[in-house]
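Visitor: I have the sequence and the 3D view open on my bench screen. Could you walk me through a few spots?

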Amino acid sequence: MTDKPTFDEYLDLGLALHSRGRIKDGADHFTRALEIHPDDPEALCLLGAAQISLGEQADGLARLRRAVAIEPGEPRFQIQLALALDASGMAAEALPHIHACARYFSNNIDFVELRVRSALAAGAHDEALEHATALTAGKSANAHHFRLLSKAKFEQQDVLGAKLAYQSAMGLDTTASREDLVAMARFELMLNAPNEARYWIDQCLEQNPNYIPALETKARIAINTGEGDVARQFAQTILSKDPGNIPAISIALELDLGSDDTLAESAKALSLNTSAPPRERKALWFALAQYYDKTQNYIDAFQAASTANRLSFEVARDSGQLHDLDRSARQRELTRQIFSAAFIRQAHRALEHLESKQPRPIFVVAPPRSGTSLTEKLLASAPDAAGIGERGATLKMYRDAVKVADRAGVEASRAHILRSLAQIAVAERGAWSKVAPGKAVVIDKTPSHLDACGWLAALFPDAIFVGVSRDLRDVGVSCFFQDLPEEYGYSTNFERIAGALKQDALLADHWRALPLKWVDFSYDQFVQDPELNACALIKACQLTWSEEILSKNQQSDLNGFSALSARGDVIKSRSGRWVHYQAYIGPLTDTFGIESVARSPAR
């Protein structure tokens, strides 16, 4: 009688079969090996990897996790589990295992790609940017690496950098795909360049007239430029081809195409489908909330917004990216310590030798939904200025400075800033000149710049900061009704919104006390007397006043969160919106019932 194979023989036979593509037969041999030694980590790892290849994710991951638990110091087990998690759509969970074996595989390009993907999925944006940059700097850099870099820069709110990286990726490809053309159009739209966005999307539609993402983007461009009829046409075209298209339904609700409630009921039915991805469901609930609000069905509007925010909270929780107000307060306290009046003056002295100080920046800063889009539009309508949207290119550098302060102290952070100040200032002005050639002034409306005013004031001594104020009860309600990016994750309930806005107000007061040019601009006062307040704003920002500025405001060529809200026929209805929801917003009214009175006109 022939003896049964030994444990080692089963492993060797399984590996041989696996290498020949006979994955199932190999897995059977690994299983037999485990019958002899059930807790052998090598056999567990081999069987787990084979099961992942066979599509048996749950069993495969369970065995790989057991292998890592038994022998956590073995890098082969860690990397196999990381690869399996990535392949199973759980890239964020792979990151700790990537860290555990990084020193063994750090020179492997495939490993670095995996690290970037996992870091992006886990919200570790600094890590993703660092390693994506390294990929594109190597001799083996390819188009995929530049797309990873583009995504990493986008997550850092550097939209221009993301666009340039994506262009580099397209330059390495022989032809531009339809996905490429849509991506470029969306970048241009975010950079407040609707004409350039239209150029890319028209190319795409010429080649692919029925490509749904291109039609969606075309509709968004039309909304951005105030062409409601064109946007309606494209939304209707999409829905005729795909009645369940969630972005098109959202656009249609935004444009009141659902005035007979048929579309709203369809959207509600789709949003109740628990098998749909949570992100899509929350987008529909937010669209329904906006629709009910505009049709003055305030009870249903609040209920829809509450459901949307519950889903937003669950998405953030499941991805490990819940907003931490206590951490935010700590970072802002460090920010106030770093950027004192004396340090701002020291930074300005360090830049006196620079010759080029053009273009001059104006930063529009405020909490989200405060009226920054409207304010940027007014300023960019001046003949000597150009809007560059929400660029945010230097935010990572500001955040790095705060991290240095947290780790090594305020003085170490200041030394860190001064070492690179001149280089960054020159590079950023150069980038602005490319975005807005021939303009003496550029307007940046990145809301997150409220945190970074001290950093920006240190970089640009000639900068003007426009602090936009609006009744904070209206700001809070607007945040609650809007599907905001993850950095504004506090917007899921009114207690957290009130806490975050209180922090914003304290930080703005700190900036007003520093030696920088600060201009207050009231959204609520503007809607009551547009000409008086627009003229005061333009003059306070040292721009050229023109009677055409207000006439240009009758159209909407905005980007960001506020495309239609900044149209002249809409903004008045947004002032005092909180009154309709005062039964639900106790934390806001308790916190801002007195304090939310708008500041004086621009000064």
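**Two helices, a loop serine and the cysteines**

Guide: Gladly, and please keep in mind that this is a predicted model. Let us begin with helix H26, which covers residues 494-512 and has 19 residues.

Visitor: How far does H26 reach from its first C-alpha to its last?

Guide: At 1.5 Å a residue, 27 Å is expected for H26. The model comes close to that, with a reach of 27 Å.

Visitor: Which residue caps the N-terminal end of H26?

Guide: Look for a side-chain oxygen that lies 3.1 Å from the backbone nitrogen of Glu495. A polar contact needs N or O atoms within 3.5 Å. The residue that brings this oxygen is Asn493.

Visitor: What do the buried residues of H26 pack against?

Guide: The buried residues of H26 include Phe494, Ile497, Leu501, Leu507 and Trp511. Polar names are on that list too, among them Gln503, Asp504 and His510. Their packing partners are helices H18, H19, H24, H25 and H31, and strand E5.

Visitor: Which helices are included in what covers the buried residues of H11?

Guide: Helix H11 covers residues 178-190 and reaches 19 Å, close to the 18 Å expected. Its buried residues include Leu181, Val182, Met184 and Phe187, along with Asp180 and Glu188. The cover over them includes helices H9, H10, H12 and H13.

Visitor: Which residue with a positive phi follows H11?

Guide: Step past the end of H11 and check the backbone angles there. The phi value is near 65 degrees, and the residue is Asn192.

Visitor: Is Ser448 buried or exposed?

Guide: Ser448 sits in the loop between strand E3 and H24. Leaving aside neighbours within four places in sequence, Ser448 is in contact with Gln157, Leu395, Arg399, Glu487 and Tyr488. Its relative accessible area is 5%, and the cut-off is under 20%, so Ser448 counts as buried.

Visitor: Why is Cys453 not bonded to Cys541?

Guide: A disulfide needs two cysteine sulfur atoms within 2.5 Å. The closest cysteine sulfur to that of Cys453 is in Cys541, and it is too far for a bond because the distance is 13 Å.

Visitor: How many disulfides does the structure hold?

Guide: Cys535 is in no disulfide either, as its nearest cysteine sulfur, that of Cys541, is 12 Å away. Both Cys453, at 0% relative accessible area, and Cys535, at 16%, are buried. For the structure, the number of disulfides is zero.

Notes. Residues are numbered from 1 along each chain as its sequence is written. This is a predicted model: local features need pLDDT of at least 70, side-chain atom pairs count only at pLDDT 80 or more; totals for chains, interfaces and linings use all residues. Side-chain values use heavy atoms; hydrogens and water are left out. Helices (H or I, at least four residues) and strands (E, at least two) are DSSP runs, numbered from the N terminus. The expected span of a helix is 1.5 Å times one less than its number of residues. Buried means under 20% relative accessible area, exposed over 50%, partly exposed in between (1.4 Å probe, protein chains only). Contact means heavy atoms within 4.5 Å. A polar contact is a pair of N or O atoms within 3.5 Å; within protein, one must be able to donate a hydrogen and the other to accept it, and residues adjacent in sequence count only if both atoms are side-chain atoms.
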